Amino acid sequence: MAESTTSAPAAGSSGTQVTSVVVLQAPLSGQLVPIEHVPDPVFAEKMVGEGLSIDPLSDRLLAPCDGEVVQVHAAGHAVTMKTVEGLEVLLHIGLDTVGLKGEGFDPKVSVGEQVTAGTELITFDLDHVATHAKSVLTQMVITNPERLASFTPRSGLVTAGEDAVAELELVADDGRDDADAAAGRQVTSEAVIVANPVGLHARPAAVLVNLAKRFEGRVYLQRGDTRVNAKSVVAIMGLEVGPGEKVHLIAQGPEAAEAVETLSAAVAEGLGEAGAAPVAAPASSTVRAEPAPEPSVQSDDPDLLLGVAASPGLGVGTVLQIRHEDISVEEEATDRHHERRRLDDAIDKAQVQLEALEARLLREADPSKAAIFAAHQELLDDPDLLDLAGSAIDKGKSAAFAWRSAYRTHAERLAGLQSEVLAGRANDVRDVGQRVLEVLTGVRQERPEFPAGTILIAEDLTPSDTATLDRDRIEGFCTTSGGASSHVAILARSLDIPAVAGIDPQALEVAEGERVILDGAKGTLRLNASEAEVDRIRRRKERIAKRRAVELEHALEPAITTDGHRTEVVANIAAVEDAREAKSAGAEGVGLLRTEFAFMGRTSAPSEDEQVEIYRGIAEAMPEGQPLVIRTLDVGGDKPLSYLPIAREDNPFLGERGIRVGLDRPEILRTQARAILRAADAGARMHVMFPMIATMQDWRSAKEVFEEERLRLGADRIPVGIMVEVPSVAVIAERFAAEVDFFSVGSNDLTQYVLAMDRGHPKLAPQVDGLHPACLRLIGQSVKAAHEHGRWLGVCGSIAGDPQAVPLLLGLGVDELSVSIPAIPSVKAQIRRLSLEECRDLAAQALEQESAASVRALVPQDEDERGLEDEA
Ligand code: PEP
Ligand code: MG
């Protein structure tokens, strides 16, 4: 039988007028457990609300009071009820039971049903839950604790449906939500599709919070039935909104309409994130987020430790182990006001440090790095985090102790999320947490002065550690935690420091001073490297650096083979800055302008005039008379646009993509056609090219739209070509060649469609090799068809810049190679060393091979490049 225990006034509600008293009955038979003892900080720290827990002896969850069922969780393990007084009661069976995906649970009620105390809500298999979940402890939580004046739980053994388990005093609903809603001051947005490639993770969440805070009143973000505070970064991240998912913005108060309008537009636009994509993308041939390769666990070679490739490049040097020391703090404090002030001051100081760091990175024109520290500032402002720390201070804890438990709880909560990306953000919370703790305690975790040639090894490095690494001294680093998508990996790539994440923990045992070789492209750390090995690699690195400098000196010269054949080497670009850079790198034109970047990071498509300005700007930045191939909008598949929603598709790469979008929404194609034609007199030799052409009908329809607009404008003809990236085009290339002005092979897509392997698939990607003889045959046959009709053919997919592919493409008769800007000088230099005659022989042999590997085995590789990668 339950006994009454202490009466616990609900936080912050003392002194308010009690309007009614509610007694909750036992939903299960069993032992009552204080909520603070539940081994899950989400419940124990009352993040969900005030409540209690039961260690169950029965397997029928009963309603603790009368009310309406307002939510039945899809996994069947939880139910929320609402009483007539407006009290919301969540009943949650077990811990981490959502992972059981409904197994063992049988909900007996549905949403909207009125139930009385004692009604059966869920029956469940107690044994199954006990053996498959973290715990069977079942929580009963008031999720709107602002309605509580007091909450008095009982203790002891209780019998379901018979014993009272808690007495609650309620205060009147301030009616703000309802009044706002009734007065039309609650506004809900239309569904907004989240455009961010990995959903609402820390940075976009921080941007949203920042915007939401500008509006008075409450603002919520809702996904499905779950609604969270849109002014809390952690709450938004916890919602785990994935890419392409629908959310609603809900605001209350006098500025509700404006808030919803601003915030939903910002979410649709990608919260500033999509706009950052062009900065990172042009160097690579694909715009997808880099997938995290599967880490290998152990190698057979005891001197080779395996991890995940986080930032490419080779580092050779001596090991320095970095260990984070725990800062010791006093637990108790006497003056909570003083402790509050100390915490506020420390947070303010940390904010100032972060602002300075962000400003420095912006000055260094590194917006993606700056954004990481802008997100850290938002984390410091997170109301949930501050509440958690504040309530611990109220309970007599010191500011340092309260802050440390608060940020650790948050970090653990993130680390436990399913999404790898969100879990990776736990490190950001620890980073800002540590920053404040250092200010509070005055203990600085000083980093030693790193000697030149250092390879750092650590369990984890924080973004702050990484951003301040000295590239001249640090050869590379590896961490036992983290992945390729962590902020630390992003920073390492932008600093051009080789890095390996998720390395075998044995790395932590490696003696300081030991010579090692770190390969950031392969994700390995070689131990016990001899001095001779290290020296050899160092010398080769130096030779490569020198050679690259020489190549750059000759970059402006043409690429002519030893037997006098010239191949044009042009650039793949995305924006006007790239056009300028391409010019100094020796580009002889632009073989691919990916116009989609002009359409990203916005709430609507750029107008015709805006596009004219962009295309003109690019043409004017190029040397007079060079070719400029503008590809029409290539979105869909891996490149979503929020204002051009494409219905969710099971196979987006086989769905509405590329020209299919333009033909479905011809106004977009027409506007772009007019803009291209209006920029055609800006100096460059303008070409237009359609992406993802699969059928003659696609080509003819697109060409017709373009011609109609040309005639309407009375503009001169310009060459009109197509991408060869769908195998059907290569197979009947002679039919297309009779009508198009030129071809450009998109080998990235061509390869994925020929081999039926997703080009970004984490496991298959290594096999998606454009040197597969099936792809080479299709390219060869397209070249032949083009030349028979007097057309030219270029290659703009990533194989155009692959040193092993270059001789083969020349041998197949390709007229132009369009490559990323950094590759231009070396591709030109390589062509100057080749003989066309030999390339033709090599290509003929390649076409007879049976695999990409055997093709690669045929092609001599540059000695330095090969030696470097393989020896590491
Ligand atoms: C390609 O598919 O090879 C190509 C150049 O186009 P994108 O990478 O932009 O799809
Ligand atoms: Mg493509």
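**F690 and its ring partners**

I looked up F690 and found it buried, with a relative accessible area of 0%; buried means under 20%, exposed over 50% and partly exposed in between, with a 1.4 Å probe and protein chains only. The model is predicted, so I took local features only at pLDDT of at least 70 and side-chain atom pairs only at pLDDT 80 or more, while totals for chains, interfaces and linings use all residues. Residues are numbered from 1 along each chain as its sequence is written, chains are lettered from A and ligands numbered from 1 in the order in which they are written, and side-chain values use heavy atoms, with hydrogens and water left out.

I then checked aromatic pairs, which are rings of Phe, Tyr and Trp (its six-membered ring) with centres within 6.5 Å; planes under 30 degrees apart count as stacked, over 60 as edge-to-face and the rest as tilted. The count by this rule is five aromatic pairs. In W403 and Y407 the ring centres are 6.1 Å apart and the planes stand at 50°, so I logged this pair as tilted. Both residues belong to helix α11 (residues 399–415), where they are four residues apart, about one turn of the helix. I took helices (H or I, at least four residues) and strands (E, at least two) as DSSP runs, numbered from the N terminus. W403 is buried at 0% relative accessible area, and Y407 counts as buried at 4%.

F690 and F706 make an edge-to-face pair, 6.5 Å centre to centre with 75° between the planes. F690 sits in strand β32 (residues 685–690) and F706 in helix α22 (residues 696–713), so the pair ties together parts that are 16 residues apart in sequence. F706 is also buried, at 2% relative accessibility. I noted that ring pairs link F690, W699 and F706 into a cluster.

**T632 and helix α21**

Which residues does T632 touch? Not counting residues up to four places away in sequence, I listed T595, E596, I659, L669, Q672, I676, V688, M689, F690 and P691; contact means heavy atoms within 4.5 Å. T632 lies in the loop between β31 (627–631) and α20 (659–664). T632 is buried, with a relative accessible area of 2%.

Two of those names, L669 and Q672, led me to α21, where they are among the buried residues. Helix α21 (residues 666–678) has 13 residues and reaches 18 Å from its first C-alpha to its last, close to the 18 Å expected at 1.5 Å a residue; the expected span is 1.5 Å times one less than the number of residues. I counted 10 of its 13 residues as buried, so I entered α21 as mostly covered. The cover over these buried residues includes α18 (596–599), α19 (608–621), β31, α20, β32 and α22.

**Strand β23**

I found strand β23 (residues 314–322) mostly covered, with eight of its nine residues buried. I treated two strands as paired if DSSP finds at least two bridges between them. β23 runs antiparallel to β27 (residues 515–519), joined by five bridges, and T318 stands opposite R515 in β27. β23 runs parallel to β24 (residues 454–458), also with five bridges; there the bridge partner of Q321 is I457.

**Positive phi**

I looked for positive phi outside glycine and noted E240, with phi near 50°. E240 is in the loop between α5 (233–238) and β20 (246–251) and is partly exposed, with a relative accessible area of 23%. N528, not a glycine either, has a positive phi of about 50°. N528 is in the loop between β28 (524–526) and α16 (531–553), and counts as partly exposed at 48% relative accessibility.

**Charge, cysteines and totals**

I found R227 over the face of Y220, at 5.2 Å from the ring centre; the rule asks for NZ of Lys or CZ of Arg within 6 Å of the ring centre and within 35 degrees of the ring normal.

How many disulfides are there in the whole structure? My search gave zero, taking a disulfide as a pair of cysteine sulfur atoms within 2.5 Å. C775 is buried at 1% relative accessibility, and C796 is buried with a relative accessible area of 1%.

For the chain I recorded 31 helices and 36 strands. Of its 872 residues, 54% count as buried. Among contacts between residues at least 6 apart in sequence, 71% join residues at least 24 apart.
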